[in-house]
Amino acid sequence: MAQDYYELLGVGRTASPDDIKKAFRKLAMQHHPDRNRDNKDAEKKFKEINHAHDVLKDPEKRAAYDRYGAAAFEGGNGPNGPGAGFNAQGFDFGSVFGEIFDEMFNGGRSGGGRPGGRADMRGQDLRFNLEITLEQAYGGTEATVRVPSSVSCEACHGAGAEPGSKPQQCPTCHGRGRIRAQQGFFTVERACHTCHGAGQVIDKPCKVCAGQGRVRREKTLKVNIPAGVEDGTRIRLSGEGEAGTRGGPAGDLYVFLTVRRHGLFEREGPDVHCRVPISMVQATLGAGIEVPTLDGKAARINIPAGAQSGHQFRLRGKGMPIMRSTQRGDMYIEITVETPTNLTAKQKELLKEFEKAGKTSPEAEGFFSKVKEMFGGDD
Ligand SMILES: [Zn+2]
Ligand SMILES: [Zn+2]
């Protein structure tokens, strides 16, 4: 869903702030809703480029995006990948990694919400990618994640003003936070450059946060992962995103879950499939075998004599839990009969003897008699 911000703006990763601004202006004019009435694609594009620009124009955000966001697009993920610094704790370490970047999910916010309102002060939503194992998805788990974020400054209680002083109404926008400006054909409303949309200016900025009202801090959060979550499940932690500027409301944190591929089980919705190899002799004579199940235990299945490859067994209720339900999917065991290899001379001898003793492959015989009917019907 997320697209590379540089690509969106059509600039290189080393583009100067000026290039970014130029590229943005050009695209914004092209996709501006005033020029593309009732065109949903243009509207979407307009929002996307706005957001990409919002991030890339801010040196701090751009650096964070370069560092954490890139991993999500280049596929270079792994336990020691770029996100390793933010690995969740409390899992076995290689099993989880995450990276984070500012992400805007609330489309209404860039489109100029309530003019003069506090919308612009709201902190960014954050995205945290979390990879879990199929077993964790099966049983549910509590993950502890460390999220780099900004929190409200304690020294000034988020106001941005040195304790004892008070913010004043901005003289440029008279407290509205936004100003109107002519840009080409359009009158656009944008954040006031004097107060950056706050509507207030600070004479004596707080020394701890340099007037921002928030400071960078890594915070630790517990995330409850319910049993049965699927790949792509999104968990929202309300108010756990970036702190707002100068007392604005905090954004939300979205945890995006990826369920890692399992070596033995393949999930298909609520059901789980497992392929179990058995020997030719087990298949021929029948056998009781133990198969692994996701609860970490084993289930016993009886293979009937003469079972063929592809034969399936259903273990009712041994699949994944279904979220918001007490039901469970099923588990399907499919057997594959393994052809013997690396035989000793003695084993080969025995098999030749076995073959001589009589016909044992009804399906093959049926097949070859049909072939004979087709091609050799003369004699
Ligand atoms: Zn402060
Ligand atoms: Zn202002």
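This short talk walks through two zinc sites, one sheet, the nonpolar cores and a few single residues.

Good morning, everyone. One caution before we start: this is a predicted model. Keep the structure open and follow along.

Let's begin with the metals. Find the zinc ion called ligand 1. Which residues hold it? The zinc ion (ligand 1) is coordinated by Cys153, Cys156, Cys206 and Cys209. Each of these cysteines uses its SG atom. The distances are 2.3 to 2.4 Å.

What is the arrangement around the zinc ion (ligand 1)? Look at the angles. The 4 donor atoms subtend 103 to 116 degrees, so the arrangement is tetrahedral. As a yardstick, the ideal angle for four tetrahedral donors is 109.5 degrees.

Now read along the chain. The donors of the zinc ion (ligand 1) are spaced C-x2-C-x49-C-x2-C. Are Cys153 and Cys156 buried or exposed? Buried means under 20% relative accessible area. Cys153 is at 1%, so Cys153 counts as buried. Cys156 has a relative accessible area of 7%, so Cys156 is buried too.

On to the other zinc ion, ligand 2. Its protein donors are Cys170, Cys173, Cys192 and Cys195. Again, SG is the donor atom in each. They lie 2.2 to 2.3 Å from the zinc ion. The angles among the 4 donor atoms run from 102 to 116 degrees, which makes this arrangement tetrahedral.

The spacing for the zinc ion (ligand 2) is C-x2-C-x18-C-x2-C. Where do Cys173 and Cys192 sit? Cys173 lies in the loop between strand 4 (168-169) and strand 5 (178-183). Cys192 lies in the loop between strand 6 (186-191) and strand 7 (200-201). So the pair ties together parts that are 19 residues apart in sequence. Cys173 has a relative accessible area of 5%, so Cys173 is buried. Cys192 is at 1%, so Cys192 is buried as well.

Stay by that loop for a moment. His196 is also in the loop between strand 6 and strand 7. At 62% relative accessibility, His196 counts as exposed. Now check its backbone. Most residues other than glycine have a negative phi. His196 has a positive phi, near 55 degrees.

Next, the sheet. In what order do its 4 strands come? The order is 11-12-16-15. The sheet is open, and the pairing is mixed. The edge strands are strand 11 (265-268) and strand 15 (312-315), and each pairs on one side only. From one strand to the next, the twist averages 25 degrees.

Let's cross it, pair by pair. In general, strands of a sheet pair through backbone hydrogen bonds, either parallel or antiparallel.

Start at strand 11. Strand 11 pairs with strand 12 (residues 271-279) in the antiparallel sense, over 4 bridges. Phe265 stands opposite Cys274 in strand 12. The hairpin of these two strands has 2 residues between them. There, Gly269 takes a positive phi near 60 degrees.

Then move over. Strand 12 and strand 16 run parallel, joined by 8 bridges. Here Pro277 stands opposite Thr336 in strand 16.

One pair left. Strand 15 and strand 16 (residues 331-338) run antiparallel, with 4 bridges. Gln312 faces Glu334 of strand 16 in this pair.

What lies in the loop between strand 15 and strand 16? One residue to find there is Arg324. Arg324 is not a glycine, yet its phi is positive, about 55 degrees. At 81% relative accessibility, Arg324 counts as exposed.

Now the inside. The largest nonpolar core has 40 residues. Which of them touch the most other members? Leu130, Ile225 and Ile333 do. Take Ile333. Leaving out residues up to four places away in sequence, Ile333 touches Cys274, Val276, Val291, Ile301, His311, Gln312, Phe313 and Leu315. You have met two of those: Cys274 stands opposite Phe265, and Gln312 stands opposite Glu334.

Apart from the largest core lies another, of 17 residues. Its members include Leu8, Val11, Phe24 and Leu27.

Last stop: Lys22, in helix 2 (residues 17-31). Is Lys22 buried or exposed? Its relative accessible area is 57%, so Lys22 is exposed. Its C-alpha atom is separated by 9.5 Å from that of Leu9, which is 13 residues apart from Lys22 along the chain.

To recap: two zinc ions with tetrahedral donors, and an open sheet of 4 strands with mixed pairing. Thank you.

Note on methods: Residues are numbered from 1 along each chain as its sequence is written. Chains are lettered from A and ligands numbered from 1 in the order in which they are written. This is a predicted model: local features need pLDDT of at least 70, side-chain atom pairs count only at pLDDT 80 or more; totals for chains, interfaces and linings use all residues. Side-chain values use heavy atoms; hydrogens and water are left out. Donors are N, O and S atoms within 2.8 Å of the metal (3.2 Å for Na, K and Ca); water is not among the atoms, so sites may look incomplete. Four donors count as tetrahedral if all angles lie between 85 and 135 degrees; four count as square planar and six as octahedral if opposite donors are over 155 degrees apart and all others between 65 and 115; anything else is irregular. Buried means under 20% relative accessible area, exposed over 50%, partly exposed in between (1.4 Å probe, protein chains only). Two strands pair if DSSP finds at least two bridges between them. Axes are lines fitted to C-alpha atoms, for helices over the stretch in contact, and angles run from 0 to 180 degrees between N-to-C directions. A nonpolar core is a set of buried Ala, Val, Leu, Ile, Met, Phe, Trp, Tyr and Cys residues joined through side-chain atoms within 4.5 Å. Contact means heavy atoms within 4.5 Å.
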